[in-house]
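Dear colleague,

Please find below the structure that I am handing over to you. My findings follow it.

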Amino acid sequence: MERDRSIPPELQAIVEFLQQTLPFNDLDHAVLEKAAGGMLIQYHRQGERFDASTEAAGLRILRSGAIDIRDSDNKLLDRLGEGESFHIQGLNEERGEVQATVIEDALLYLLPDDRYQALRAAHRAFDRYFSSQRNRRLRRAARYEPETNAMMREVRSVMSTQLLTVSTNTSVQEAAAVMSRRRVSSAFVMAGEQLRGIVTDRDIRARFAAEGLSPDTPVAQIM
């Protein structure tokens, strides 16, 4: 992937990250570049918290680290990792008083609230993603509900079955496009009926985009 020489390297790094991050990957390059240009970079240590009183409202996107989202009863609603995002004010509208706690030192990109709301107003797919996020969060929160003898459940009761597979000679560009359409962050790499490896969005960023490899590079080279 050829680096865009017209923008600063630090901004280019944010753009490349967002291109692999839902729902920013649906935005065209010009819109994405403008959004990236308005973002703030923040570092937060383990134990720091965000709630309704936190200044600098907006959408926070995890570049690295991990964050727990809990309600006023300290019930775990969601656990977020790299590439996932949260908006405290929006969460409070859904669940009442919500608090986000950094459980692993985190590097965040903050999209100020006015820019975030403007993107939602101007781009239907972008807005739809956050409108449907509530249902996804409720389904995910159910996974954290304590159960009696939960460790005795069969694996098939919690595993995913709609797996995405690609062949070893599938190009990275094609694999990335399919992953984006399916809205998944990984694909299993097969040689016939044999599993050869796995390719993730992190592999695509770190081993493909960062190295400036050709779009025709086979996934077997970076899996």
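The notes below cover the nonpolar core, the aromatic rings and one helix pair.

This is a predicted model, in which local features need pLDDT of at least 70 and side-chain atom pairs count only at pLDDT 80 or more, while totals for chains, interfaces and linings use all residues. Residues are numbered from 1 along each chain as its sequence is written, and side-chain values use heavy atoms, without hydrogens and water.

The largest nonpolar core (buried nonpolar residues joined through side-chain atoms within 4.5 Å; buried means under 20% relative accessible area with a 1.4 Å probe) has 22 residues, of which Leu18, Phe24, Met39, Ile61 and Leu119 touch the most other members. Helix H1 (9–18) gives the most to this core, with 5 residues. Leaving aside neighbours within four places in sequence, Leu119 is in contact (heavy atoms within 4.5 Å) with Phe24, Leu27, Val31, Ala35, Leu111 and Phe126.

The whole structure holds 6 aromatic pairs (ring centres within 6.5 Å; planes under 30 degrees apart are stacked, over 60 edge-to-face, the rest tilted). The ring centres of Tyr116 and Phe130 lie 5.3 Å apart with planes at 90 degrees, so this pair is edge-to-face. Both Tyr116 and Phe130 are buried, and they form one aromatic cluster with Phe24, Phe126 and Tyr129.

Finally, the axes (lines fitted to C-alpha atoms over the stretch in contact, with angles from 0 to 180 degrees between N-to-C directions) of helices H6 (residues 172–182) and H7 (residues 201–209) come within 11 Å and cross at roughly 145 degrees. Val172, Ala176 and Met179 of H6 meet Asp201, Ile204 and Phe208 of H7 in this contact. Helices are DSSP runs (H or I) of at least four residues, numbered from the N terminus.

Yours sincerely

How values were computed: Helix = DSSP H or I, 4+ residues; strand = E, 2+ residues; numbered from the N terminus. Buried < 20%, exposed > 50% of the residue type's maximum accessible area, 1.4 Å probe, protein only.
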